[in-house]
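Biologist: Got a minute to walk me through this one? I'd like to start with the ligand site.

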Amino acid sequence: MSRSPSIPDRPHRDIDSELPDDERLEALRGHYEELVDVNDKLAAQLDDAEDRRERLREKVDRVERENETLKSSSLYIATVEDVLDDEQVIVKQHGNNQEVLTDVSSRMVDRVEPGDRVAVNDSFAIQSLLNAETDARAQSMEITEKPTVTYADIGGIDEQVREVREAVEQPLAEPELFDEVGIDPPSGVLLYGPPGTGKTMLAKAVANETDATFIKMAGSELVRKFIGEGSRLVRDLFEMAREREPAIIFIDEIDAIATRRTESKTSGDAEVQRTMMQLLSEMDGFEARGEIRIIAATNRFDMLDRAILRPGRFDRLIEVPEPSEEGREQILAIHTRGMNVADDIDFADLAADTGGYSGADIESLATEAGMFAIRNDRDQVTHADFADALEKIEKDDSSDVISSAGYFYQ
Ligand SMILES: Nc1ncnc2c1ncn2[C@@H]1O[C@H](COP(=O)(O)OP(=O)(O)OP(=O)(O)O)[C@@H](O)[C@H]1O
């Protein structure tokens with residue numbers, strides 16, 4: 001810190017009134033010059049002070065800007081690998097697997113332990129420790145204490161609903177039945193079939209019915225998002241479920257981690273393999289009659305590594321096909337329940353015209369029909385709106401929406 005310059009003394013001079021005029025004039029002139037000099041010095045100091053004030057203001061602006069950037073900039077997720085002496089830790093950043101040695105503030109150092117997940121900034125300084133909730137979200141786990149989907153919301157797959165209830169709901173709701181008969185319920189249930197046919201809905205509905213926490217993770221996230229983290233995420237997934245029993249673990253796109261082994265032995269494959277092994281070992285160490293049920297889904301059944309289908313693993317396979325005509329009629333009824341529909345709507349007719357549509361396609365159709373009504377300034381949706389919506393959908397994407405159904409999973 002620079003010290004403020006001292007203020008020059010005010011010149012003071014006693015002028016003897018007895019002096020002759022010319023000497024007094026001389027003395028006054030001298031005094032005047034001293035005053036001018038002091039004035040110049042003060043003016044210079046004032047300039048200096050203003051300069052300094054300007055510089056400080058710029059500095060404050062800069063710090064404020066930096067602070068704003070720090071506050072608004074994204075943080076990265078990393079895992080603490082090791083805590084060293086001297087307030088240093090090694091963290092591994094998710095996504096790129098980079099290991100970094102970074103300083104940690106004294107405020108943080110006692111709080112972090114190896115294995116903790118932390119948020120780091122651009123310079124890898126640890127900003128905060130993630131709590132379980134944030135952590136789960138950061139890992140793209142979707143946790144719903146009580147999903148709202150019920151069996152009544154699912155149309156056209158009654159047989160599948162029955163099978164899922166038997167394999168997942170009953171062991172949770174009435175475990176004593178299995179004890180009495182002396183059999184173990186299925187370890188894991190695999191739902192397979194084309195996209196948008198209600199697999200996720202089924203898993204959510206069981207969670208709803210059994211008051212279980214629904215924990216969803218997509219297989220693609222396990223392998224893509226956190227390279228090198230897959231097996232740890234699987235461990236976390238099961239731990240999360242254990243903490244929240246009763247729970248239903250739903251692994252969507254299981255094919256992403258359980259693909260048939262290929263010839264190539266790239267490191268990516270090895271990592272995916274490790275993730276799958278971790279999943280299998282979690283399932284093997286699982287109390288079959290316990291409070292955690294596991295459901296997986298795929299629309300690439302053909303690609304699955306058969307190892308995951310062995311007894312004690314995903315040993316109950318349930319195919320969820322695209323809906324039949326009757327199923328489509330039911331799904332149409334479900335998705336128009338909350339809509340203001342005219343009496344002229346003929347669901348049977350629409351069901352006949354929507355061959356190849358999945359449940360999700362039918363949901364989009366209903367929304368599109370509603371859009372036609374709004375466009376025509378009506379608050380009621382008519383059969384003609386559905387016909388227009390059908391025509392529009394067919395025109396827009398006849399190639400991908402419809403023909404994708406049933407293509408992959410055979
Ligand atoms: N059988 C069905 N009955 C009623 N609605 C359905 C049905 N199937 C799908 N839907 C509608 O489609 C949406 C998507 O369905 P869901 O996510 O369950 O499909 P999925 O089979 O899990 O698809 P994906 O394989 O793409 O994950 C649901 O939110 C629902 O609105």
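Biologist: How many nonpolar, polar and charged residues are in the shell around the ligand?
Modeller: Five nonpolar, eight polar and four charged. Ala, Val, Leu, Ile, Met, Phe, Trp, Tyr, Cys and Pro count as nonpolar, Asp, Glu, Lys and Arg as charged, and the others, Gly among them, as polar. Keep in mind that this is a predicted model: local features need pLDDT of at least 70, side-chain atom pairs count only at pLDDT 80 or more, and totals for chains, interfaces and linings use all residues. Residues are numbered from 1 along each chain as its sequence is written, and side-chain values use heavy atoms, with hydrogens and water left out.

Biologist: Ok, and which residues come nearest?
Modeller: G196, K199, T200, H335 and E363, out of the 17 around the ligand. A residue counts as near if one of its heavy atoms lies within 4 Å of the molecule.

Biologist: Which helices supply at least two residues of that shell?
Modeller: Helix 6 (199-210), helix 10 (325-335) and helix 12 (359-375) each do. Helices here are DSSP runs of H or I with at least four residues, strands are runs of E with at least two, and both are numbered from the N terminus.

Biologist: What about polar contacts to T200?
Modeller: A ligand oxygen is 2.5 Å from an N or O atom in the T200 side chain. For N299, a side-chain N or O atom is 3.2 Å from an oxygen of the ligand. A polar contact is a pair of N or O atoms within 3.5 Å; within protein, one must be able to donate a hydrogen and the other to accept it, and residues adjacent in sequence count only if both atoms are side-chain atoms.

Biologist: Switching topic, where's the cis peptide bond?
Modeller: From E245 to P246, with omega near -10°. P246 lies in the loop between helix 8 (230-243) and strand 9 (247-252).

Biologist: And what is the phi of F124?
Modeller: Positive, about 65°, although F124 is not a glycine. F124 is in the loop between strand 4 (117-120) and strand 5 (126-129).
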